[in-house]
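Work through the following exercises with the coordinates open, and try each task before reading its solution.

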Amino acid sequence: YDGLLEQVTGQNYVTWKDTAEVIRVIRGEERRILHLHGHWERPDSVILGIRSYAAIGNDEFTQAILRAFGIGKSILFVGCSDDGLS
């Protein structure tokens, strides 16, 4: 949810809510850090509870993005427990 990776890399962020920007990242047109659980500067993108997890789980675009990233991009999970990934 924070901007630590942006501070270290100098790259900008994009959230799962920014569909056009996410598409450019996947196409390789832009280099950004994708925050799948949102970013504090975009409160509407932050995933915290069961309802927001359901919302992102039912969002067809986001699920397609996750599949696309799983095929051709690197994904770094920060702060996830084993239960969170099962």
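The accessible surface of the protein chain comes to about 6200 Å², with 53% of that area belonging to carbon and sulfur atoms (Shrake-Rupley method, 1.4 Å probe). This is a predicted model, in which local features need pLDDT of at least 70 and side-chain atom pairs count only at pLDDT 80 or more, while totals for chains, interfaces and linings use all residues. Residues are numbered from 1 along each chain as its sequence is written, and side-chain values use heavy atoms, with hydrogens and water left out.

**Exercise 1.** Establish where confidence in the protein chain is lowest and where it is highest.

*Solution.* Begin with the mean pLDDT (the predictor's confidence in each residue, from 0 to 100), which is 82 for the protein chain, with 81% of residues reaching 70 or more. Then go element by element: helix 5 (residues 82-85) has the lowest mean, 57, and strand 1 (residues 12-15) the highest, 94. Helices here are DSSP runs of H or I with at least four residues, strands are E runs of at least two, and both are numbered from the N terminus. Where pLDDT is low, the predicted coordinates should not be read in detail.

**Exercise 2.** Identify the residues of the largest nonpolar core and the elements that give two or more residues to this core.

*Solution.* A nonpolar core is a set of buried Ala, Val, Leu, Ile, Met, Phe, Trp, Tyr and Cys residues joined through side-chain atoms within 4.5 Å, where buried means under 20% relative accessible area, exposed over 50%, and partly exposed in between (1.4 Å probe, protein chains only). The largest such set has seven residues, namely Val14, Val22, Val25, Leu34, Leu36, Ile65 and Phe69. Helix 2 (19-27) and helix 4 (60-72) are the elements that give two or more residues to this core.

**Exercise 3.** Decide whether His35 is buried or exposed, and find its side-chain polar partner.

*Solution.* His35 lies in strand 2 (residues 32-35) and counts as buried because its relative accessibility is 11%. The His35 side chain makes a polar contact of 2.6 Å with that of Glu6 (N or O atoms within 3.5 Å, one able to donate a hydrogen and the other to accept it; residues adjacent in sequence count only if both atoms are side-chain atoms).

**Exercise 4.** Place the salt bridge between Glu21 and Arg24 in its setting.

*Solution.* The closest N and O atoms of Glu21 and Arg24 are 4.0 Å apart, the criterion being a side-chain nitrogen of Lys or Arg within 4 Å of a carboxyl oxygen of Asp or Glu. Because Glu21 and Arg24 are three residues apart in helix 2, about one helical turn separates them. Glu21, Arg24, Glu30 and Arg32 are linked in a network of salt bridges.
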